[in-house]
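Colleague: I am new to this structure and would like a close look at a single part, the sheet that a helix lies across. Please take me through that part carefully.

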Amino acid sequence: MIETLAQIRGRDTRGTFTCGIVLWGDKVVQTAPKVSYMHGWRRDRVRDYCIRREWKITVVTETQRPGPHPERRTPKKEIGHMVKAPFTPEQVEALRSYQESGKFHPFTCANQHSGDSTLLVNEGGFYCQHCDYTQTWAHEFMLGENL
Ligand SMILES: [Zn+2]
């Protein structure tokens with residue numbers, strides 16, 4: 001995200017003035033009291049407004065800032081997140097009870113077997129009882145306490 005500090009110099013009925021505004025990306029997030037109505041405006045709108053008023057607007061500084069990270073606001077156990085092997089003993093226990101719970105569809109082998117193709121699990125991941133099929137990830141929600 002780019003933080004822009006811009007300076008507006010202009011003239012109104014009370015004479016000449018200088019004031020500053022701060023933009024994050026394309027949007028005004030901070031203003032001097034004199035131009036507080038510009039809060040939330042887009043860059044183009046500010047520029048057009050200044051042109052119409054014959055005010056001069058100049059960029060003072062442009063700074064790269066770490067922006068707000070949307071992924072950090074995502075709840076940790078949202079469906080869709082994956083956990084990779086190796087699993088901790090606690091995770092193995094949770095995944096084993098998930099596989100055995102019967103409440104949810106367990107992971108099964110991709111190959112056709114006449115018997116039960118439900119995958120077993122250990123620290124290294126899921127594995128088939130009948131062939132060498134393995135899967136080294138689990139859905140994060142499978143580790144939840146609310147099973
Ligand atoms: Zn198999």
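**The four-stranded sheet and its helix**

Modeller: Helix 1 lies across strand 1, strand 2, strand 3 and strand 4, and runs at about 155° to strand 4. Here helices (H or I, at least four residues) and strands (E, at least two) are DSSP runs, numbered from the N terminus; contact means that the C-beta atoms of two residues, placed from the backbone, lie within 7 Å; and axes are lines fitted to C-alpha atoms, for helices over the stretch in contact, with angles running from 0 to 180 degrees between N-to-C directions. Please keep in mind that this is a predicted model, in which local features need pLDDT of at least 70 and side-chain atom pairs count only at pLDDT 80 or more, while totals for chains, interfaces and linings use all residues. Residues are numbered from 1 along each chain as its sequence is written.

The sheet beneath this description is open, with 4 strands in the order 3-2-1-4 and antiparallel pairing, where two strands count as paired if DSSP finds at least two bridges between them. Its edge strands are strand 3 (27–31) and strand 4, each of which pairs on one side only. Direction ignored, neighbouring strands of this sheet are turned by 30° against each other on average. Strands of a sheet pair through backbone hydrogen bonds, either parallel or antiparallel. Within this sheet, strand 1 (residues 2–12) and strand 2 (residues 15–24) run antiparallel and are joined by 10 bridges, and one of the paired positions is Asp12, whose bridge partner in strand 2 is Gly15.

Between helix 1 (43–53) and strand 4 (56–64) there is a loop, and Glu54 is found in it. The phi of Glu54 is near 60°, a positive value in a residue other than glycine. Most residues other than glycine have a negative phi, and most peptide bonds are trans. Glu54 is also exposed, because 8 other C-beta atoms lie within 10 Å, and the cut-offs call a residue buried at 20 or more such neighbours within 10 Å of its own C-beta atom, exposed at 12 or fewer, and partly exposed in between, with C-beta atoms placed from the backbone.

Further along the chain, the loop between strand 5 (82–84) and helix 2 (89–101) holds Pro86, and the peptide bond from Ala85 to Pro86 is cis, with omega near 5°.
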